[in-house]
Amino acid sequence: METFDVVIVGAGAAGLFCAGRAGQAGKRVLLLDHSPKVAEKIRISGGGRANFTNREVTPANFLSDNPRFCRSALARFTPSDFIELVQRHGIAFHEKHKGQLFCDRSAEDLITMLLRECDAGGVVRRQPCGVKAIRQRSGGETSGFELDTDAGTVQAPRLVIATGGLPVPKIGASDFGLRIAQQFGHAIVAPRPALVPLTFDAQQWAPFAALSGVALPVGISTGAGKARTHFLEDLLFTHRGLSGPAVLQISSFWRPGQALQIDLAPGVDLGARLLTAKQSSRRQLGNEFSALLPTRLADAWLLGAGLDAQRPMPDCKDKDLQAVAQRARAWELTPTGDEGWKKAEVMAGGVDTRELSSQTLESKRVPGLHFIGEVVDVTGWLGGYNFQWAWASAAACADALAVDD
């Protein structure tokens, strides 16, 4: 039976980074993955250019049932640390907006970098190589874990689960990591799709379905009181509902049955603008409203309000102008669902962090067992935050493995 210092299951962002870092620290590492290709989620992210981190990462950019948990790892491995690695490998990158960093050429450059880091650490990689069973062993030199794999049985005193979450099943996502956590007695925070488009009842959405493809910046909110969450981002209309960065962001916080509140013209006093136009313009209402919102949306909005878009501004009633402006500034609607795992970018929920060490990502229940990356109940905002959690949690784990005797 082959013996390693560490077996890491899952060759995605967190697993690759942890393997390379632990290997370069002198550990004999075996990295396993059931998929024929490594890091498919990196490959398809950011339109193929991988939004690999964000310059402005704070714990406030993450949600979890145990929100303080992520602080330690994020503080000890920062975006600057990962940027330094990217620069050392000569990968060109650029900042789009709000601190989001993307590869100039391709996400493949990032994957190549991670594989080179693994090679530098002498990491043994096997894929496709499924794991059929995992057993805990105890007693003397044989303590640790045995894994029955497609390539035979292996053992190691340390086991790292880096198998990711449930989104995008077509690239190999599965609940393997959650099942292993439960096998060893860990609680699971109920998984749900996050950073996902939201959908509406077909009849409810009928007046807006024709707006598919329309995009605009909005303010979007959900929740109430201290739980209220608000973002300023771009909204995209689809045939089935709403998408775009604004909705992907709010979807992580939205719960079934909750309403969304959308300001279609953030920072603009629509009512005042329309009343001013009434005093100074003889153009049609539709023309004036289209100067404030995308034309197709403005036309649909006026139709829904029962207003004639061709009416000259001086003929419009003040109360009608105020009413249509107020509705556009405070549009409230309730999604009936979301596009599910096939369209979600990440998983919210996962292994309950109350049963993990925030310093090492090691189980408090089972010595030698670690969980890192998306399988853990730490979910970032849209914009590179989830990759930064992958790097930071992997680094915290690898550094702990490095000092392990």
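Start by selecting alanine 392 in this predicted model: alanine 392 is buried, with a relative accessible area of 0%. Colour helix H13, residues 385-402, and you will see that alanine 392 belongs to it. Which residues does alanine 392 touch, once neighbours within four places in sequence are left aside? Show Ala73, Leu74 and Phe77, and you have its contacts. Now add aspartate 299 and draw a line between the two C-alpha atoms: alanine 392 and aspartate 299 are 93 residues apart in sequence and 48 Å apart in space.

**Zoom out to the whole chain**

Bring the full protein chain into view. Its C-alpha atoms fill a box of roughly 90 × 40 × 35 Å along the principal axes. Switch to a cartoon and you can look for 13 helices and 23 strands. The chain has 405 residues, and 55% of them are buried. Taking contacts between residues at least 6 apart in sequence, 73% join residues at least 24 apart.

Next, turn on the surface. The accessible area is about 17,300 Å², and carbon and sulfur atoms account for 49% of it. If you colour by charge, there are 44 positive and 42 negative side chains to find, and the centres of the two sets lie 3 Å apart.

**The seven-stranded sheet**

Hide the surface and select S19, S18, S15, S16, S17, S14 and S20. In that order, these seven strands form an open sheet with antiparallel pairing. Its edges are strand S19 (331-333) and strand S20 (337-338), each of which pairs on one side only.

Step inside the sheet to strand S15 (residues 215-222) and strand S18 (residues 260-263), which are joined by four bridges in the antiparallel sense. What stands opposite glycine 219? Click across to S18 and you will land on aspartate 263. While S18 is on screen, add helix H12 (residues 318-329): this helix packs on the sheet, touches S18 and S19, and points at about 120° to the direction of S18.

Then show helix H7 (residues 202-209). Helix H7 lies across strand S16 (229-237), strand S17 (241-243) and S19, and runs at about 145° to S19.

**A covered strand and its partner**

Move on to strand S21 (residues 346-351). Is this strand mostly covered or mostly open? Mostly covered: six of its six residues are buried. Add strand S13 (residues 188-194), which pairs with S21 in the antiparallel sense over five bridges. Here valine 189 stands opposite glycine 350 in S21.

**Three backbone stops**

The last stops concern backbone geometry. Most residues other than glycine have a negative phi, and most peptide bonds are trans.

Select alanine 39 in the loop between strand S3 (29-32) and helix H2 (40-44). Alanine 39 is not a glycine, yet its phi is positive, at about 50°. Alanine 39 counts as buried because its relative accessibility is 5%, and the cut-off for buried is under 20%.

Follow the chain through H2 to alanine 50, in the loop between H2 and strand S4 (51-54). Alanine 50 also has a positive phi, of about 55°, although it is not a glycine. Buried or exposed? Alanine 50 is buried, with a relative accessible area of 0%.

Finish at proline 128, in the loop between strand S8 (124-126) and strand S9 (131-137). Show the backbone atoms from glutamine 127 to proline 128: the peptide bond here is cis, with omega near -10°.

Notes: Residues numbered from 1 in each chain as written. Predicted model: local features only at pLDDT ≥ 70, side-chain atom pairs only at ≥ 80, totals over all residues. Heavy atoms only, no water. Helix = DSSP H or I, 4+ residues; strand = E, 2+ residues; numbered from the N terminus. Buried < 20%, exposed > 50% of the residue type's maximum accessible area, 1.4 Å probe, protein only. Contact = heavy atoms within 4.5 Å. Areas by Shrake-Rupley, 256 points an atom, 1.4 Å probe, with all protein chains shown as cover. Lys, Arg positive; Asp, Glu negative; His and termini not counted. Charge placed at Lys NZ, Arg CZ, Asp CG, Glu CD. Pairing = 2+ DSSP bridges. Axes fitted to C-alpha atoms, helices over the stretch in contact; angles between N-to-C directions.
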